[in-house]
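The following exercises are to be worked through with the sequence and the coordinates at hand. Each task is followed by a solution in steps.

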Amino acid sequence: LEAVREAAGGVRGRGACGHPDGAARFTLSALSAFTDDLAAHVLGGGCGRGTAGVLPLPLPAGASAANPESAERLAVDWTLCEGHGLCAGLLPELVRLGPDGYPALADAGVPTHLRGRALRAVRRCPALALHLDKGADAP
Ligand code: SF4
């Protein structure tokens with residue numbers, strides 16, 4: 001959420017027209033008005049309502065129109081994880097380090113635009129603890 005806030009702040013006043021300013025204001029307003037809800041969705045269980053397929057966005061990798069919730073998800077094998085924290089540095093949008101220094105993963109599936117970086121984090125995990133779980137419909 002902080003990365004989104006910084007990106008929106010960096011856009012203001014830099015467009016050739018007012019459209020980027022409007023989009024940045026909308027984003028910053030939503031972040032301010034829904035801070036707790038957004039935090040709950042990013043790193044918690046959220047409100048329990050389905051979100052995939054609500055907006056006309058590309059489906060995450062592994063998802064299908066029939067089952068938009070079947071996206072790949074990041075998972076940690078806790079018997080292997082040594083708390084290096086490398087994954088949080090490589091993929092801060094989906095992984096945060098908890099107070100114990102171990103990763104806390106976003107509850108949502110891996111969005112298509114982050115799949116490459118998620119695979120990179122998986123490959124670089126020194127303990128081979130991080131992996132992508134495929135959804136039920138994934139090939
Ligand atoms: S990089 Fe691997 S071992 Fe290190 S915290 Fe992440 S999952 Fe655990």
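Helices (H or I, at least four residues) and strands (E, at least two) are taken as DSSP runs and numbered from the N terminus. The structure examined here is a predicted model.

**Exercise 1. Determine how many helices and strands the chain contains and in which order the elements run from the N terminus.**

Solution. Step 1: the secondary structure amounts to 5 helices and 4 strands. Step 2: read from the N terminus, these elements follow the order α-α-α-β-α-β-β-α-β. Step 3: for the chain as a whole, 28% of the 139 residues count as buried. Step 4: among contacts between residues at least 6 apart in sequence, 55% join residues at least 24 apart.

**Exercise 2. Locate Leu1 and state which residues it contacts beyond its neighbours within four places in sequence.**

Solution. Step 1: Leu1 belongs to the segment before α1 (2–11). Step 2: the relative accessible area of Leu1 is 26%, and buried means under 20% while exposed means over 50%, so Leu1 is classed as partly exposed. Step 3: once neighbours within four places are set aside, Leu1 is in contact with Leu31, Thr35, Leu38, Ala39, Val42 and Arg96. Step 4: for one of these partners, Thr35, the C-alpha separation from Leu1 is 8.6 Å, with their positions 34 residues apart along the chain.

**Exercise 3. Place Pro20 in its element and classify its accessibility.**

Solution. Step 1: helix α2 (residues 19–33) contains Pro20. Step 2: Pro20 has 23% relative accessibility and therefore counts as partly exposed. Step 3: apart from neighbours within four places in sequence, Pro20 makes contact with Val11 and Gly15. Step 4: the C-alpha atoms of Pro20 and Ala8 are separated by 8.8 Å, the two residues being 12 apart along the chain.

**Exercise 4. Identify the residues around the ligand and divide them into nonpolar, polar and charged.**

Solution. Step 1: the ligand is surrounded by Cys81, Glu82, Gly83, His84, Gly85, Leu86, Cys87, Pro103, Cys125, Pro126 and Ala127. Step 2: this shell divides into 7 nonpolar, 3 polar and 1 charged. Step 3: the largest cavity is the space that the ligand takes. Step 4: for Gly83, a member of the shell, the C-alpha atom is separated by 8.6 Å from that of Asp100, 17 residues away along the chain. Step 5: Asp100 itself lies in the loop between β2 (95–97) and β3 (103–105), and with a relative accessible area of 56% it is exposed.

**Exercise 5. Cys81 and Cys87 both belong to the ligand shell. Are they buried or exposed, and how many disulfides does the whole structure hold?**

Solution. Step 1: the relative accessible area of Cys81 is 15%, so Cys81 is buried. Step 2: Cys87 is likewise buried, because its relative accessibility is 13%. Step 3: a disulfide is a covalent bond between the sulfur atoms of two cysteines. Step 4: the search of the whole structure returns 0 disulfides.

**Exercise 6. Describe the backbone and the setting of Leu128.**

Solution. Step 1: Leu128 sits in the loop between α5 (115–124) and β4 (130–133). Step 2: phi of Leu128 is near 55°, a positive value in a residue other than glycine. Step 3: Leu128 has a relative accessible area of 64% and is therefore exposed.

Note on methods
Residues numbered from 1 in each chain as written. Predicted model: local features only at pLDDT ≥ 70, side-chain atom pairs only at ≥ 80, totals over all residues. Heavy atoms only, no water. Near = heavy atom within 4 Å. 1 Å grid on protein atoms, 1.4 Å probe; cavity = no way out; pocket = protein on both sides within 12 Å on 5 of 7 lines; lining within 4 Å. Sits in = over half its atoms within 2 Å of the grid points. Nonpolar A, V, L, I, M, F, W, Y, C, P; charged D, E, K, R; others polar. Buried < 20%, exposed > 50% of the residue type's maximum accessible area, 1.4 Å probe, protein only. Contact = heavy atoms within 4.5 Å. Disulfide = S-S within 2.5 Å.
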